[in-house]
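Q: I should like to learn how features such as charged pairs, helix faces and strand pairing are read from a set of coordinates. May we work through one case together?

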Amino acid sequence: MPYVDGFIVAVPRKNLAAYRKMSTKCGKVWREHGALDYREWVAEDVKVGKLTSFPRAVKLKPNETVIFSWITYKSRAQRDKVNAKVMADPRLKNMMDPKSVPFDGKRMIYGGFESLVKV
């Protein structure tokens with residue numbers, strides 16, 4: 001059954017180029033280790049909701065934008081194998097350091113999801 005890791009992060013607009021560079025490198029590593037797809041999307045029509053919304057979820061600041069991302073795998077088991085290889089990959093060691101990422105990792109929302117509906 002397909003499996004997806006989903007992410008939402010707040011990225012300062014001034015760091016978008018650095019984020020894109022980091023994300024492109026990460027995506028290549030994930031794909032090399034077996035991920036089926038790696039996507040990152042920047043908010044274009046995302047409003048602050050009264051109770052909940054993407055901006056509220058990440059405590060968006062005025063100088064930031066929301067990034068919505070996912071990585072697709074064949075299954076949860078395959079995702080676990082891929083992620084173990086990715087985390088051991090020396091190319092990502094410095095990129096995954098919280099001090100060097102171009103966003104506040106403490107406000108990142110992420111989780112794994114099983115497929116529910118495909119039309």
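A: Let us begin with a charged pair. This is a predicted model, and in it Arg91 forms a salt bridge with Asp89, with 2.8 Å between the closest N and O atoms.

Q: What is the general idea behind such a pair?

A: Side chains of opposite charge can pair when their charged atoms come close. In this structure, a search of the whole model finds nine salt bridges.

Q: Is Asp89 buried or exposed?

A: The cut-off for buried is under 20% relative accessible area. Asp89 has a relative accessibility of 8%, and therefore counts as buried. Its partner Arg91 is partly exposed, because its relative accessible area is 42%.

Q: Which residue meets Arg39 in a salt bridge?

A: The side chain of Arg39 meets that of Asp37, at 3.0 Å from N to O. Asp37 has 19% relative accessibility and so counts as buried, whereas Arg39, at 36%, is partly exposed.

Q: Which residues are linked in a network of salt bridges?

A: Asp5, Arg76, Arg79 and Asp80 are linked in this way. Within the network, Asp80 forms a salt bridge with Arg79, their closest N and O atoms lying 2.9 Å apart. Arg79 counts as buried because its relative accessibility is 13%. Asp80 is partly exposed, with a relative accessible area of 35%.

Q: How should one read the faces of a helix?

A: An α-helix has 3.6 residues a turn, so residues three or four places apart point the same way. The case here is helix 3, residues 76–88. Its 13 residues reach 18 Å from the first C-alpha to the last, close to the 18 Å expected at 1.5 Å a residue.

Q: Which residues of helix 3 are buried?

A: The buried residues are Gln78, Arg79, Val82, Asn83 and Val86. Seen down the axis of helix 3, the buried residues fall within an arc of 130°, and so they line one face of the helix. On the other side of helix 3, Lys81, Ala84, Met87 and Ala88 are exposed.

Q: What covers the buried residues of helix 3?

A: The cover includes strand 1, helix 1, strand 3 and strand 4.

Q: Helix 1 appears in that list. Is Arg20, which is found in helix 1, buried or exposed?

A: Helix 1 comprises residues 16–32, and Arg20 is found in it. Arg20 counts as exposed because its relative accessibility is 63%; the cut-off for exposed is over 50%. The C-alpha atoms of Arg20 and Lys81 are separated by 25 Å, the two residues being 61 residues apart along the chain.

Q: How does one read strand pairing, and in which sense do strand 1 and strand 3 pair?

A: One reads the sense of the pairing, the number of bridges and the residues that stand opposite each other. Strand 1 and strand 3 (residues 64–73) pair in the antiparallel sense, over ten bridges. Asp5, already met in the salt-bridge network, has Ile71 of strand 3 as its bridge partner.

Q: Over how many bridges do strand 1 and strand 4 pair?

A: Strand 1 and strand 4 (residues 109–114) pair over six bridges, in the antiparallel sense. Here Phe7 stands opposite Tyr110 in strand 4.

Q: Why is strand 1 described as largely enclosed by the rest of the structure?

A: Strand 1 covers residues 3–12, and eight of its ten residues are buried; it is therefore largely enclosed by the rest of the structure.

Conventions
Residues are numbered from 1 along each chain as its sequence is written. This is a predicted model: local features need pLDDT of at least 70, side-chain atom pairs count only at pLDDT 80 or more; totals for chains, interfaces and linings use all residues. Side-chain values use heavy atoms; hydrogens and water are left out. Buried means under 20% relative accessible area, exposed over 50%, partly exposed in between (1.4 Å probe, protein chains only). Helices (H or I, at least four residues) and strands (E, at least two) are DSSP runs, numbered from the N terminus. Two strands pair if DSSP finds at least two bridges between them. A salt bridge is a side-chain nitrogen of Lys or Arg within 4 Å of a carboxyl oxygen of Asp or Glu. The expected span of a helix is 1.5 Å times one less than its number of residues. The arc is that of the directions from the helix axis to the C-beta atoms. Contact means heavy atoms within 4.5 Å.
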